[in-house]
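Here's a walk through the two ligand sites of this model. Have the sequence and the 3D view open while you read.

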Amino acid sequence: MTPAAPPQGFRHLAGHLDAALQARLVREVLAGVAASGGFFRPHMPRTGRPFSVLMGNLGPLGWVSDRHGYRYQERHPLTGRPWSPMPDALLALWRELAGDPRPPECCLVNWYRADSRLGLHRDEDEEVFDAPILTISLGDDAIFRIGGLRRRDPTWRVRLKSGDVVVMGGTSRLAYHGIDRILPDTSTLVPDGGRLALTLRRVRAA
Ligand code: SIN
Ligand code: MN
């Protein structure tokens, strides 16, 4: 069964970023990821299975996943370098949309290629859940799925396009969600192709 609506607190802001801001973010985010050591491929903690997405981080804390588990850390797992700062434009979007006076501490950068996907999961490695999660889509379109607080709850789907922003606050902050698939070559924005998803999160209480 497909619910008629996404969970409470979920917002899809279609076309929120104009073309100039999208291009600037791609440039600044790729430069920031490159400066700390580039994209890395995370692995599932128990099975060691590689993710189909590549990841990078910006900001004081970065999310990583490997055999030791999911966690936040201050340095790139391969180079040991600190993550690059978040571009001002991302901090401004957070101020505009998050409704939380504390700045985000992590911008996770997911790079999806034609065959990448992200299975249903909850974002629950943070110490606080009272700030929303903001995700900015750049590049190819993607089919995003969101359900409820239990994995078996019915899910709702939406096509995300470049320049869209998703806000997951309220009940939706801890809802199961994922990316079913990418619609390849629907955009030329990302120089090497694919989709960049920028996910801003507050991790610690204060
Ligand atoms: C995520 O759930 O970590 C990313 C969602 C997205 O790619 O839009
Ligand atoms: Mn997530």
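Start with ligand 1. In this predicted model, the residues around ligand 1 are Asn110, Tyr112, Leu118, His121, Thr135, His177, Ile179, Arg195, Ala197 and Thr199. Sort that shell by class and you get four nonpolar, five polar and one charged residues.

Where in the fold do these residues come from? Strands β5 (106-112), β6 (118-121), β11 (177-183) and β12 (195-201) each put at least two residues into the shell. The largest share belongs to β12, with three residues.

Now for the polar contacts. Each row below pairs a polar side-chain atom (N or O) with an oxygen atom of ligand 1.

| Residue | Partner | Distance |
|---|---|---|
| Tyr112 side chain | oxygen atom of ligand 1 | 2.5 Å |
| Arg195 side chain | oxygen atom of ligand 1 | 2.8 Å |
| His121 side chain | oxygen atom of ligand 1 | 3.2 Å |

How much of ligand 1 does the protein bury? On its own, ligand 1 would expose 260 Å², and the protein buries 96% of that. If you're browsing pockets, look for the largest one: that's the space ligand 1 takes up.

On to the metal. Ligand 2 is a manganese ion, and its donors are His121 (NE2), Asp123 (OD) and His177 (NE2), at 2.2 Å. Along the sequence, those donor residues follow the spacing H-x1-D-x53-H. Asp123 sits in the loop between β6 and β7 (133-139) while His177 is in strand β11, so this pair ties together parts that are 54 residues apart in sequence.

Two names turn up at both sites. His121 belongs to the shell of ligand 1 and also coordinates the manganese ion through NE2. His177 likewise appears in that shell and gives its own NE2 to the metal.

Note on methods: Residues numbered from 1 in each chain as written. Chains lettered and ligands numbered in written order. Predicted model: local features only at pLDDT ≥ 70, side-chain atom pairs only at ≥ 80, totals over all residues. Heavy atoms only, no water. Near = heavy atom within 4 Å. Polar contact = N/O pair within 3.5 Å; in protein donor to acceptor, adjacent residues only side chain to side chain. Areas by Shrake-Rupley, 256 points an atom, 1.4 Å probe, with all protein chains shown as cover. 1 Å grid on protein atoms, 1.4 Å probe; cavity = no way out; pocket = protein on both sides within 12 Å on 5 of 7 lines; lining within 4 Å. Sits in = over half its atoms within 2 Å of the grid points. Helix = DSSP H or I, 4+ residues; strand = E, 2+ residues; numbered from the N terminus. Nonpolar A, V, L, I, M, F, W, Y, C, P; charged D, E, K, R; others polar. Donors = N, O, S within 2.8 Å, 3.2 Å for Na, K, Ca; no water.
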